[in-house]
Amino acid sequence: MDDPIFPISKNDRFTFSCNHRVACFNDCCQDLNQYLTPYDILRAKQHLGLPSSEFLSRYTCSHTGQASGLPVITLKTSPGAGVTCPFVKKEGCLIYNNRPASCRLYPLARALSRDRKSGQVTEQYFLIKEDHCGGFGSGKSWTVTEWLDDQGLHIYNEMNDKMMEIIHLKNCLMPGPLDTKSAHLCHMALYDLDSFRHQIVEKGILGDNLPASDILEPVRSDDTALLNFAMTWIQQVLFSKGGRE
């Protein structure tokens, strides 16, 4: 198949099922190049009951994005197993209920585009119909909207869109690599949430610029509230007028 990717609207239907009865079950997890978003890491480390720093050390590698200059996190593959996902076993994914957004979305892909004049963001979906995938043609018929609902993707899309906004602002306002301090702050605030919480609550990294109590209180115990705060904080620290001078 020359081009296995097709545009699809939210009301269009496709038939797809992925389970142990499909002959290629787990095959897509054997050839991995998996990028992890901040929210992917939040959900996975919660599932495993690990502090974020331990999850990052044990399961990920950190890089610098060539285009954005921001820290980029990828999943380490299993030692001695080539490029196989460390969470896949014969019976399936060990973190299935909290697997990354791209795994949930398949066989769909999602893209965002921004109008240069209005700034309006448009969402577009695509169907990835690869020859090797045996999930098509059996199972349930879905609209894109039904698939998003069933796979619990709305919160992932919401959080990942906030990360895309950070990348957009970085590219517009601060092209090129970050300085060492800014790169460390980005990595900690976006990915190493438990360390960021410790710096806020115990070390007072924010000084007198603490958020209001109605914001700070959820940040103490709720990882999603903390990540939302961290994303806003990163924009204020890096992209404020002072941060750009």
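Begin by selecting P107, which is found in the loop between helix 3 (101-105) and strand 8. The structure on display is a predicted model. Display the backbone from Y106 to P107: the peptide bond that joins these two residues is cis, with omega about 20°. Most peptide bonds are trans.

**The sheet that contains strand 8**

From the loop, proceed to strand 8 (108-114). Which strands make up the sheet here, and in what order? Three strands form an open sheet, arranged as 1-9-8, and their pairing is antiparallel. Strands of a sheet pair through backbone hydrogen bonds, either parallel or antiparallel. Select strand 1 (5-8) together with strand 8: both stand at the edges and each has a single partner strand, so one side of each is left without a neighbour in the sheet. From one strand to the next, the twist averages 35°.

Now add strand 9 (residues 121-128), which is joined to strand 8 by seven bridges and runs antiparallel to it. To see one position of this pairing, select R114 and find V121 of strand 9 opposite.

**The helix across the sheet**

Select helix 5 (residues 154-173) next. This helix lies across strand 8 and strand 9, and its direction is at about 40° to strand 8. Two salt bridges may be inspected between helix 5 and strand 8.

- Select D161 and R110. Their closest N and O atoms are 2.9 Å apart, and the two residues form a salt bridge. D161 belongs to helix 5 and R110 to strand 8, so this pair ties together parts that are 51 residues apart in sequence. D161 is partly exposed, at 26% relative accessibility, and R110 is likewise partly exposed, with a relative accessible area of 23%.
- Select R114 and E165. The side chains of these residues meet in a salt bridge at 2.7 Å, N to O. R114 lies in strand 8 while E165 lies in helix 5, so parts 51 residues apart in sequence are tied together. R114 counts as partly exposed at 33% relative accessibility, and E165 is partly exposed with a relative accessible area of 27%.

Keep D161 and R110 on screen and add K10 and E123. These four residues are joined into one network by salt bridges that share partners.

Is V121 buried, partly exposed or exposed? Its relative accessible area is 41%, so V121 is partly exposed. Show L112 and M164 beside V121 in a surface view: the three residues form a nonpolar patch with about 230 Å² of accessible area together.

**A second sheet**

Move to strands 3, 4 and 5. These three strands form an open sheet in the order 3-5-4, with antiparallel pairing. Strand 3 (35-36) and strand 4 (60-64) stand at the edges, and each has a single partner strand, so one side of each is left without a neighbour in the sheet. How many bridges join strand 4 to strand 5? There are five, and strand 5 (residues 71-75) runs antiparallel to strand 4. Select C61 to find T74 of strand 5 standing opposite.

Add helix 2 (residues 52-59), which packs on this sheet and touches strand 3, strand 4 and strand 5. The direction of helix 2 makes about 85° with that of strand 4.

**A residue with positive phi**

Select N26, in the loop between strand 2 (13-16) and strand 3. The phi angle of N26 is near 80°, a positive value in a residue other than glycine. Most residues other than glycine have a negative phi. N26 counts as buried, at 11% relative accessibility.

**A buried salt bridge**

The count of salt bridges in the model comes to 12. Select D223 and K45, one such pair, whose side chains meet at 2.9 Å, N to O. D223 lies in helix 9 (residues 223-239) and K45 in helix 1 (residues 38-48), so the pair ties together parts that are 178 residues apart in sequence. Both D223 and K45 are buried.

**The last stop**

Finally, select D150, which lies in helix 4 (residues 144-150). At 46% relative accessibility, D150 counts as partly exposed. Then select R104: the C-alpha atoms of D150 and R104 are separated by 9.5 Å, although the two residues are 46 residues apart along the chain.

Conventions:
Residues are numbered from 1 along each chain as its sequence is written. This is a predicted model: local features need pLDDT of at least 70, side-chain atom pairs count only at pLDDT 80 or more; totals for chains, interfaces and linings use all residues. Side-chain values use heavy atoms; hydrogens and water are left out. Two strands pair if DSSP finds at least two bridges between them. Helices (H or I, at least four residues) and strands (E, at least two) are DSSP runs, numbered from the N terminus. Axes are lines fitted to C-alpha atoms, for helices over the stretch in contact, and angles run from 0 to 180 degrees between N-to-C directions. Contact means heavy atoms within 4.5 Å. Patches are made of residues with over 30% relative accessible area and no salt bridge: like charges are joined within 9 Å, nonpolar side chains (Val, Leu, Ile, Met, Phe, Trp, Tyr) within 5 Å. Accessible areas come from the Shrake-Rupley method with a 1.4 Å probe; for residues, only the protein chains shown count as cover. Buried means under 20% relative accessible area, exposed over 50%, partly exposed in between (1.4 Å probe, protein chains only).
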